[in-house]
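Please open the model in your viewer and keep the sequence panel beside it. The tour below moves from one selection to the next and says what can be found at each stop.

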Amino acid sequence: MRHDVQTESEGQAPSTLYRRTLRKVVIKKPTLWSCLFPSIAARRELLWYRMKSEPRGLAFILNNKHFDTMKVRHGSDCDSRNMEHLLKALRFKTVVHRDLTAEEILSELRKFSLLDHSDYDCCAVVLLSHGNAEAIFGTDGKPVSYSAILQRFDGQHSKALLNKPKLFFMEACRGDMTDGGADESPLLLPFSYQDTEANRQRNYFVPSNMPNICDIYLGFSTVPGYTSWRNSQRGSWFVQSLIDVFSEHAAREDLCSLMTKVNQKVALSFESQGGKLTKRKQVPAPVNMLTKKLYFFPEYAR
């Protein structure tokens, strides 16, 4: 049976749909003049967040160490002090809350989001607690979902933070799995997610399920489904790495570059020792919803 099917190889013109969707891609190369004399003011206004206010913004730190039915988070006090010192060095005004229930967490975050942020260029939230893939836990063992937390900072609930960067750093487990590492190979990821029916039913938190919100950076200490490691004396691997990387590079590099270095440090510099869970690894999982680059000290940026 003969089929009268015409193809482009037979000399037929592309379809109308094909012509509409086909785009010519040309990589725009910078001129020598623009490289030598860039418009610094224009670059900063269009591509960088404004970070000039003193202080840069307000910072909220939650340190949940003691729980009614869960284990004590030894090392959390160290994380809290280190993050407070870091945020002050980054020119934030900090307030620390300790051992809050789920209801108290939401209440205090609501109060924080409704503060007058109009004179500041940024805000930061640090959450140190037990958690799972979708939430952190109050000291009463009840969950507070990440979507509920972020909803307090969307455009409808916090007008003073519209178009301003809102930074979240979460040091909490996101599951019970541990990463046993992999043989060194450029083709292997530092962790593996097993596509099982049980994992698909866990309804992992992803940005597409968020409220109507923008200019957000989520610094998760680990990937969905996995534990987040913490030393009882020195604090968590994630916060230790944040302090080291930001202390060394925050004066000149943007937030995304800094967090890439944090990823690398956690992945390569730490490994659990002793007991049944020896030689376990970890890698942070940042989620970037920023629309510009964020330099904490734009006057020194490259």
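## First stop: Phe169

Select Phe169 and display its surroundings: leaving out residues up to four places away in sequence, Phe169 touches Val125, Val126, Leu127, Gly219, Leu242 and Met259. The model you are looking at is a predicted one, and in it Phe169 belongs to strand 6. Is Phe169 buried or exposed? With a relative accessibility of 5%, Phe169 counts as buried, the cut-off for that class being under 20%. If you add Tyr217 to the selection, you will find its C-alpha 8.3 Å from that of Phe169, although the two are 48 residues apart in sequence.

## Helix 8 and helix 9

Next, select residues 237–249, which form helix 8, together with residues 255–269, which form helix 9. Two packed helices are described by the angle between their axes and by the distance between those axes. Here the axes come within 9 Å and cross at roughly 130°, and helix 8 and helix 9 are therefore oblique to each other. The crossing in which helix 8 passes helix 9 is right-handed.

To see which side chains to display, take Trp237, Phe238, Ser241, Leu242, Asp244, Val245, Phe246 and His249 from helix 8, which meet Leu255, Leu258, Met259, Lys261, Val262, Lys265 and Val266 from helix 9. Leu242 and Met259 will be familiar from the first stop, as both are among the residues that Phe169 touches.

## Helix 4 against helix 8

Keep helix 8 on display and add residues 76–89, which are helix 4. At what angle do the axes of helix 4 and helix 8 cross? The crossing is at roughly 25°, with the axes coming within 10 Å, and that makes helix 4 roughly parallel to helix 8. This crossing of helix 4 and helix 8 is left-handed. From helix 4, Asp79, Asn82, Met83 and Leu86 meet Val239, Leu242, Ile243 and Phe246 of helix 8. Leu242 and Phe246 also appear in the list of helix 8 residues that meet helix 9.

While helix 4 is still selected, pick out Glu84, which is placed in it. Glu84 is buried, its relative accessible area being 19%, which falls under the 20% cut-off. Setting aside neighbours within four places in sequence, Glu84 is in contact with Ile61, Thr94 and Val96. For Thr94, the C-alpha to C-alpha distance from Glu84 is 6.6 Å, with their positions 10 residues apart in sequence.

## Strand 2 and the loop after it

Move now to His97, which is found in strand 2. His97 is buried as well, with a relative accessible area of 16%. Apart from neighbours within four places in sequence, His97 is in contact with Phe60, Ile61, Leu62, Asn63 and Glu108; Ile61 is also one of the contacts of Glu84.

Follow the chain to Asp99, in the loop between strand 2 (92–98) and helix 5 (102–113). Asp99 has a phi near 50°, a positive value in a residue other than glycine, and at 30% relative accessibility Asp99 counts as partly exposed.

## Two further backbone stops

Select Asn163, in the loop between helix 6 (146–151) and strand 6 (166–171). Asn163 is not a glycine, yet its phi is positive, at about 65°. At 63% relative accessibility, Asn163 counts as exposed.

Then select Glu54 and Pro55, which are joined by a cis peptide bond with omega at about -5°. Pro55 is found in the loop between helix 3 (40–47) and strand 1 (57–63).

## Whole-chain view and confidence

Finally, clear the selection and look at the whole protein, which has nine helices and 10 strands. Of its 302 residues, 45% count as buried, and the protein exposes about 17,400 Å², of which carbon and sulfur atoms supply 52%. Among contacts between residues at least 6 apart in sequence, 77% join residues at least 24 apart.

Colour the model by pLDDT before closing: the average is 84, and 75% of the residues score at least 70. Over residues 4–11 the pLDDT stays under 50, and the model has five contacts for them beyond four places in sequence. Residues 185–211 also have a pLDDT below 50, and this stretch has 43 contacts in the model beyond near neighbours in sequence. Where pLDDT is low, the predicted coordinates should not be read in detail.

How values were computed:
Residues numbered from 1 in each chain as written. Predicted model: local features only at pLDDT ≥ 70, side-chain atom pairs only at ≥ 80, totals over all residues. Heavy atoms only, no water. pLDDT = per-residue confidence, 0-100. Contact = heavy atoms within 4.5 Å. Helix = DSSP H or I, 4+ residues; strand = E, 2+ residues; numbered from the N terminus. Buried < 20%, exposed > 50% of the residue type's maximum accessible area, 1.4 Å probe, protein only. Areas by Shrake-Rupley, 256 points an atom, 1.4 Å probe, with all protein chains shown as cover. Axes fitted to C-alpha atoms, helices over the stretch in contact; angles between N-to-C directions. Parallel < 35°, antiparallel > 145°, perpendicular 65-115°, else oblique. Left-handed = near helix turned anticlockwise from the far one by under 90°.
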